[in-house]
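Grab your viewer and work through these exercises on the model below. Each task comes with a stepwise solution, so try the task before you read on.

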Amino acid sequence: MTDSNIVGLINSRFQIVKKLGSGSFGTVYKGLDRTTNTFVAIKIDDEEHTRHENEMLVFKKLQKSIGFPKVFWDGQHGDRNVIVMEQLGYNLDELFEFCGKKFSLKTTIMIALNVLNRIEALHNVGIIHRDIKPDNFLIGLQSAKNKIYMVDFGLSKSYLINNEHIPYKTGKSFTGSFRYSSIRNHKGIEQSRRDDLESIGYMLIFFLKGELPWQGLKGSTKSKRSKQIFNVKKNTSLIELCQDLPNEFFEYMKYCRLLRFNQKPNYNYLKLLFSKLFKEKKYELDYIFDWNIIAKIKKLQMEESYKETNKSVKALASVERVITTEKETES
Ligand SMILES: Nc1ncnc2c1ncn2[C@@H]1O[C@H](COP(=O)(O)OP(=O)(O)O)[C@@H](O)[C@H]1O
Ligand SMILES: [Mg+2]
């Protein structure tokens with residue numbers, strides 16, 4: 001969808017400003033709430049891929065939880081389903097690129113602790129995410145810039161029916177992203193809490209190593225690619241996968257892979273693994289992430305070259321966006 005397809009104010013109140021991002025099912029725009037004069041994020045589903053009702057059911061359960069965007073309005077605009085929510089900052093995929101495709105151990109652990117809190121909160125309201133990947137975790141703006149938010153509940157599902165765990169099933173079609181999906185998801189086993197946690201593990205290892213062994217595999221069709229990724233994933237031992245990483249990542253993966261289908265994960269055990277490692281390394285919990293440091297360095301470098309050549313105005317502005325995202329709600 002292009003900006004020109006969205007005509008008029010949404011709900012006579014929200015104005016599209018510019019595109020912020022897009023995923024498999026929709027596009028998210030920065031918008032202006034004309035009644036309060038504040039910025040918001042507007043998610044507009046693709047016509048053919050709407051997950052609106054499902055996503056709203058989940059959002060409603062999370063409105064009191066920390067680390068999930070507040071929803072201001074949802075409904076239809078023309079033939080599209082729309083969610084208007086709190087505007088957040090960059091996603092972890094964008095920040096990973098910005099940082100040269102690697103995160104330090106300190107940043108990765110601070111992300112891990114945030115993400116484990118989010119998944120615990122989501123699981124506590126009876127929902128599994130089923131599409132864990134860096135693009136679905138965003139930093140906040142202003143005073144929330146220390147926090148990692150979780151978004152995108154289009155593929156989420158309740159794992160409880162009448163307070164009972166859903167039954168174990170096989171022969172399910174694949175749901176999620178190949179790179180981060182659990183081995184059992186590839187096998188067609190119904191997903192449960194353990195699969196979200198396994199995917200988080202792959203994401204953290206990806207951040208530290210800069211790549212996963214099953215990346216870049218080609219297949220002439222989607223299902224052939226999925227098969228290739230599955231083969232490499234199941235044939236990579238955890239020792240190999242976690243080579244050169246602190247042992248805690250191996251312990252994390254081992255724990256997730258051993259969880260039973262309907263078992264409640266011990267989130268505290270997993271958080272403790274990482275917080276102990278954080279302390280052992282004598283890191284300071286100052287919420288200074290790699291992107292904060294790199295943005296500062298790049299800004300200084302560009303200011304220097306700007307002074308000399310006077311040509312870097314555009315590049316400087318883009319780096320400044322990362323530094324000043326916290327100021328972005330412009331009053
Ligand atoms: N509240 C928000 N504020 C700012 N950007 C957002 C917000 N929600 C989503 N985005 C951006 O839009 C992208 C797509 O949104 P997402 O909800 O993941 O849609 P999809 O279901 O299409 O993947 C995200 O990866 C993120 O970069
Ligand atoms: Mg997404």
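A residue counts as near a molecule or strand if its C-beta atom, placed from the backbone, lies within 6 Å of it. Before starting, note that this is a predicted model, where local features need pLDDT of at least 70 and side-chain atom pairs count only at pLDDT 80 or more, while totals for chains, interfaces and linings use all residues. Residues are numbered from 1 along each chain as its sequence is written, with chains lettered from A and ligands numbered from 1 in the order in which they are written.

**Exercise 1. Work out what surrounds ligand 1.**

Step 1. Collect the shell: 22 residues surround ligand 1, and the closest are Gly21, Gly23, Val28, Ala41 and Asp152.

Step 2. Assign them to elements, where helices (H or I, at least four residues) and strands (E, at least two) are DSSP runs numbered from the N terminus. Two or more shell residues come from each of β1 (14-22), β2 (26-33), β3 (38-45) and β5 (80-86). The largest share, 3 residues, belongs to β1.

Step 3. Sort by class: Ala, Val, Leu, Ile, Met, Phe, Trp, Tyr, Cys and Pro count as nonpolar, Asp, Glu, Lys and Arg as charged, and the others, Gly among them, as polar. The shell then splits into 9 nonpolar, 9 polar and 4 charged residues.

**Exercise 2. Place ligand 1 relative to the two domains.**

Step 1. Get the bounds, which come from an automatic or database domain assignment: domain 1 is 3-86 and domain 2 is 92-280.

Step 2. Check how they sit: their C-alpha centres are 26 Å apart. With contact meaning C-beta atoms, placed from the backbone, within 7 Å, 13 residues of domain 1 touch 16 residues of domain 2. The domain 1 side of that contact has 6 nonpolar, 4 polar and 3 charged residues.

Step 3. Conclude: both domains give residues to the shell around ligand 1, so the ligand lies between them.

**Exercise 3. How do α3 and α9 cross?**

Step 1. Fit the axes, as lines through C-alpha atoms (for helices, over the stretch in contact), with angles from 0 to 180 degrees between N-to-C directions. Helix α3 (residues 105-124) and helix α9 (residues 267-280) come within 10 Å and cross at roughly 165°.

Step 2. Classify the angle: under 35 degrees is roughly parallel, over 145 roughly antiparallel, 65 to 115 roughly perpendicular, and the rest oblique. The pair is therefore roughly antiparallel.

Step 3. List the contact: α3 brings Ile109, Ala112, Leu113, Leu116 and Glu120, while α9 brings Tyr267, Leu270, Lys271, Phe274, Ser275, Leu277 and Phe278. By class that's 9 nonpolar, 1 polar and 2 charged.

**Exercise 4. Do the same for α8 and its partners α5 and α9.**

Step 1. Take α5 (residues 193-209) and α8 (residues 247-258): their axes come within 9 Å and cross at roughly 155°, which makes them roughly antiparallel. Arg194, Leu197, Glu198, Gly201, Leu204 and Ile205 of α5 meet Phe249, Tyr252, Met253, Cys256 and Arg257 of α8. The tally is 7 nonpolar, 1 polar and 3 charged.

Step 2. Now α8 with α9: the axes come within 10 Å and cross at roughly 175°, so this pair is roughly antiparallel too. Glu248, Glu251, Tyr252 and Tyr255 of α8 meet Leu270, Leu273, Phe274 and Leu277 of α9. Here the classes give 6 nonpolar, no polar and 2 charged.

Terms used
Contact = placed C-beta atoms within 7 Å.
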